[in-house]
Amino acid sequence: MPRRTATMLASTLILIALLCAGVLIRVPYSEMSPGPTVNTLGDARGEPVLHISGRKTYPTSGNLNMTTVRVTGADYDMNIVEAVYGWLAHDSVVVPHDTLYPDGKTEEESTQENAEEFSQSQESAKVAALEELKIPVTSRVVVSTVVKDSAAEGVLHAGDVIRAVDGKAVEQPEDVAKLVTKHKPGEDVVFTVIPARTAAAAEKAGKEPEGSRDVTLTTRKAPEDPSNPSEDRAIVGIQAGTDHTFPFEIDIKLADVGGPSAGLMFSLGIIDKLTPDKLTGGKFIAGTGTIDDDGKVGPIGGINMKLVGARDAGARYFLTPDDNCSSAASDTPDGLTLVRVKTLDDAKKSLEKIRAGDTTGLPSCSKG
């Protein structure tokens, strides 16, 4: 065999061996890429994303798209070839596996957590939107979860309304923890509660729940905190949360989406449907951001992937959380204008400017 032919054959065999090794060798990385975008003013799978009944609504136009990020599953082992391709591709990002699934979290656990965050974001989006429109919302502190084998298990239940702790009224979920931790482990604490079933029946009837009762629990010592091993903190084993009663029905229906990052766009969609002015003026606007009950917009993950997804869907403007602005501005797709927002009111005012064609004064994002 001629030397040149032998060299080419050997090189080909080595290349094949390297490719096979690249496919077989697994690496601890995951991939993020642009996910689908959904117009909160439109339909998804044949039904409205936002459905409001019991209150007058108005026609809308244009787009207020929420954006998503597609990620590889927790149980998927990426190989070297896929990792290198992801690193070189402009429309995807390869990150350490633990970044997306910390502490060995399984895909099922991550999905459940994302579903819970998505549900909470919907509630906060409704509250923020109605508060922005000066429509009253009734809120109350409730038992959100009960820890297994805790002092509260079997005594308190998810959905129980917490009126007071040790006779002191509670107005915010954090009030519960503050009052419980005034005790030492082993001491009794008295909860004044309305059972979840009673509260649900009252809500269905459109009335304020009544019929509270006192429940006495003996506190226990909280698990040791490695950062503060001398701490002797009392707990009863519940997580307090907030339950809201809305003056009319607002349903948000969107399957196969998780996490809290659509909150801002849901709020804007609700406002648009409840007001005669068309927020977008017929323009295509996308965005992202968590939102709390007070209308504060928070940062999200995967901002650059969401920008690409929005641009590819046809968006011209992108509502960007203030804390994500620097990263977004460092790699903004052509044709997409970033609009910095800190609150729901900021976003609403920026939409008014876009609708009027006055975009010179829009708050912008800059590189850090």
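**Figure 1. A close-up of Gly314, a partly exposed residue in a loop.** Gly314 is partly exposed, since its relative accessible area of 34% falls between the 20% and 50% limits for that class. You will find Gly314 in the loop between α8 and β21. A handy landmark for this view is Leu336: the two residues are 22 apart in sequence, and their C-alpha atoms are 9.1 Å apart in space. This is a predicted model, so please read every view here with that in mind.

**Figure 2. The whole protein, as a guide to the close-ups.** Before zooming in again, here is the overall setting. The secondary structure comprises 10 helices and 22 strands. Of the 368 residues in the protein, 41% count as buried. Contacts with a separation of 6 or more are made, in 74% of cases, by residues 24 or more positions apart. The protein has an accessible surface of about 19,600 Å², and carbon and sulfur atoms hold 50% of that.

**Figure 3. An open sheet of five strands, with helix α8 lying across part of the sheet**. Follow the strands in the order β2-β6-β18-β21-β22, and you will see that their pairing is mixed. At the edges sit β2 (38-39) and β22 (337-341), each of which pairs on one side only. Within the sheet, strand β6 (residues 63-66) and strand β18 (residues 284-287) run parallel and are joined by four bridges. To get your bearings on that pair, look for Asn63, which stands opposite Phe284 in β18. Helix α8 (residues 303-313) lies across β18, β21 (317-321) and β22. The angle between α8 and β21 is about 165 degrees.

**Figure 4. The second largest pocket and the residues that line it.** How much space lies in this pocket? The second largest pocket holds about 610 Å³. Its lining is made of 26 residues, and those closest to the centre are Gln120, Ser144, Gly241, Thr242 and Asp243. Two or more lining residues come from each of α4 (107-132), β9 (138-146), β16 (238-245), β19 (290-291) and β20 (297-298). Which element gives the most to the lining of the second largest pocket? That is α4, with five residues.

**Figure 5. Ser150, a buried residue in a loop**. Ser150 belongs to the loop between β9 and β10 (161-165). Is Ser150 buried or exposed? Ser150 counts as buried because its relative accessibility is 12%, and the cut-off for that class is under 20%. Apart from its neighbours within four places in sequence, Ser150 is in contact with Arg220, Val236 and Gly237.

**Figure 6. Strand β12 and its pairing with β10 and β13**. Strand β12 (residues 188-194) is mostly covered, with five of its seven residues buried. Its pairing with β10 is antiparallel and takes in four bridges. Here Ile162 stands opposite Val193 in β12. With strand β13 (residues 213-218), β12 also pairs in the antiparallel sense, over six bridges. A useful pair to pick out is Thr192 and Asp214, the latter in β13, which stand opposite one another.

Notes
Residues are numbered from 1 along each chain as its sequence is written. This is a predicted model: local features need pLDDT of at least 70, side-chain atom pairs count only at pLDDT 80 or more; totals for chains, interfaces and linings use all residues. Side-chain values use heavy atoms; hydrogens and water are left out. Buried means under 20% relative accessible area, exposed over 50%, partly exposed in between (1.4 Å probe, protein chains only). Contact means heavy atoms within 4.5 Å. Accessible areas come from the Shrake-Rupley method with a 1.4 Å probe; for residues, only the protein chains shown count as cover. Two strands pair if DSSP finds at least two bridges between them. Axes are lines fitted to C-alpha atoms, for helices over the stretch in contact, and angles run from 0 to 180 degrees between N-to-C directions. On a 1 Å grid over the protein atoms alone, a cavity is a set of points where a 1.4 Å probe fits but cannot get out, and a pocket is an open set with protein on both sides within 12 Å along at least five of seven lines; lining residues have an atom within 4 Å of a point. Grid points are joined across faces, edges and corners, and a volume is the space filled by probe spheres set on the points.
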